[in-house]
Amino acid sequence: MGDTSRIRLASISSRAWEHPADRGALVALRKLQGFDLILKQLSGFLNERAVRMLMLGSAVRADERQFARVYRLYREAGDALDAGALPELFVRADPTINAMAIGLDKPIIVLNSGLIDVMDDDELRFVLGHELGHVLSGHAVYRTLLGVMLALSSTFLAIPFGALGARAVIAALLEWQRKSELSGDRAGLLAGQQPEVALRAHMKMASGGRIDELDAEAFLEQAGEYHANDDVRDVLLRVLIVETQTHPFAVVRAGELDRWVKSGTYGAILAGDYPRREDDASASMSDEAAAAAASYTEEFKRFDASLGGLFGDIGHGLGQARDWVADRLRDLSEPRGRDRREPRDRNDRTSGPHGW
């Protein structure tokens, strides 16, 4: 797709791509006056200047002269999202297929060299749009807070009941971050505007770049199968497996993005039906909270149905056990082949207790 065929989404609000659970939390946090300022003061813990100095000394800053191709794709992603001034972009030597947005006051975006090696131009534009979406949503601020919480988690162990409170906060932040990754994927898709490219990027992340041996239809079928089984054991396993994960699995993310496209929201945004930045201040917390709650309804229903089935099976089993015990007791209370009131034979060796 050439540059002229990508739609510039003028003044698009980050609320357009934010997952309902992510958006509800962000709108609430943005309503807390001074909250962002407090979080940004945490940069003292992290020494944000040191992070940038580390990137300047150990990585390569992308611009018109260095990694010019990557920087061009970055600008194209920014233009599609009407991002304005772009955060600094760095490329570092790391073979893993990964990228990140970090920082509190002035976030930066970092691409690993391993990601550049396996992604083509369109896929890189999707990834850059994903990371830029994090920055535009303010995710970098809250994700840095999560990093601080994780770094300080051992300290809470020394405080009575502190570990319990810290774990609850960390668990909530991790759940939010997993949803924020789905938001980032939507931003990446809006930046590149090629659903098949977004799917291909997820396929490469899941396979280590071996796209030639994968099939898009089979990959999405696999994503559907991950959520298809409502057996309570699988439901609980899915919860436990991701409990400490910062990101959803690549296969799951592909399926979630595919569902978002098929929902019609993506097409409506490209047609101009999306929230504008100028309306962000008036965004309703109650509406966003309701949307967040609705996003969990289907998952909770599936979980409740699974638990209901489990307890139904247990109840049925207990009923069968009850009937079996009642039958055994009835057998013991009834005569066996003769009236129990009949005197026993004197030679019946079972007539009284005896030893060995």
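In this predicted model, E225 is exposed, with a relative accessibility of 59%. The residue belongs to helix 11, which spans residues 216-228. E225 also takes part in a negative surface patch, where D215, E217 and E221 are its partners. Helix 11 holds G224 as well, and this glycine is partly exposed, its relative accessible area being 33%. Although 32 residues separate G224 from E256 in sequence, their C-alpha atoms are 9.3 Å apart in space.

A second pairing across the sequence involves helix 13. L257 is found in this helix, which covers residues 250-262. With a relative accessibility of 6%, L257 is classed as buried. The C-alpha atom of L257 lies 6.8 Å from that of R186, and the two residues are 71 positions apart along the chain.

Helix 9, made up of residues 162-192, offers a fully covered site to look at: S183 is placed in this helix, and S183 is counted as buried because its relative accessibility is 0%. The S183 side chain is nonetheless supplied with a polar partner, since it makes a polar contact of 2.6 Å with the side chain of D22. Past helix 9, in the loop that leads to helix 10 (195-207), comes Q193. Q193 is buried too, at 7% relative accessibility. The backbone of Q193 deserves a look, as its phi is positive, at about 60°, although the residue is not a glycine.

F67 likewise is a residue other than glycine with a positive phi, in this case near 50°. F67 sits in the loop between strand 1 (60-61) and helix 5. Here the side of the protein is not closed off, for F67 is partly exposed, with 37% relative accessible area.

Attention now turns to charge pairing. Side chains of opposite charge can pair when their charged atoms come close. In this model the count of salt bridges comes to 18. One of them joins D280 and R15, with 2.8 Å between the closest N and O atoms. D280 is located in the loop between helix 14 (265-270) and helix 15 (285-333), whereas R15 is in the segment before helix 1 (20-31), so this salt bridge ties together parts of the chain that are 265 residues apart in sequence. The two partners can be described by their accessibility as well: D280 is partly exposed at 29%, while R15 is buried at 13%.

The loop between helix 14 and helix 15 also provides R277, which pairs with D82 in the loop between helix 5 and strand 2 (89-92), so parts 195 residues apart in sequence are tied together. The closest N and O atoms of this D82–R277 salt bridge are 3.8 Å apart. D82 counts as buried, with 14% relative accessibility, and R277 is partly exposed, with a relative accessible area of 35%.

A further salt bridge is formed by the side chains of E76 and R125, at an N to O distance of 2.9 Å. This pair links distant parts of the chain, namely helix 5 (residues 68-80), where E76 lies, and helix 7 (residues 121-137), where R125 lies, at a separation of 49 residues. Both E76 and R125 are buried; for R125 the relative accessibility is 4%. R125 has another partner in D122, as a polar contact of 2.8 Å joins the two side chains.

These charged residues are part of a wider arrangement. E76, R125 and D122 belong to a network of salt bridges that also takes in R6, R69, R72 and D121. For a reader tracing the network in the structure, R125 makes a convenient starting point: from its place in helix 7, the salt bridge leads to E76 and the polar contact leads to D122.

Key
Residues are numbered from 1 along each chain as its sequence is written. This is a predicted model: local features need pLDDT of at least 70, side-chain atom pairs count only at pLDDT 80 or more; totals for chains, interfaces and linings use all residues. Side-chain values use heavy atoms; hydrogens and water are left out. Patches are made of residues with over 30% relative accessible area and no salt bridge: like charges are joined within 9 Å, nonpolar side chains (Val, Leu, Ile, Met, Phe, Trp, Tyr) within 5 Å. Accessible areas come from the Shrake-Rupley method with a 1.4 Å probe; for residues, only the protein chains shown count as cover. A salt bridge is a side-chain nitrogen of Lys or Arg within 4 Å of a carboxyl oxygen of Asp or Glu. Lys and Arg count as positive and Asp and Glu as negative; His and the chain ends are not counted. The place of a charge is taken as NZ of Lys, CZ of Arg, CG of Asp or CD of Glu. Helices (H or I, at least four residues) and strands (E, at least two) are DSSP runs, numbered from the N terminus. Buried means under 20% relative accessible area, exposed over 50%, partly exposed in between (1.4 Å probe, protein chains only). A polar contact is a pair of N or O atoms within 3.5 Å; within protein, one must be able to donate a hydrogen and the other to accept it, and residues adjacent in sequence count only if both atoms are side-chain atoms.
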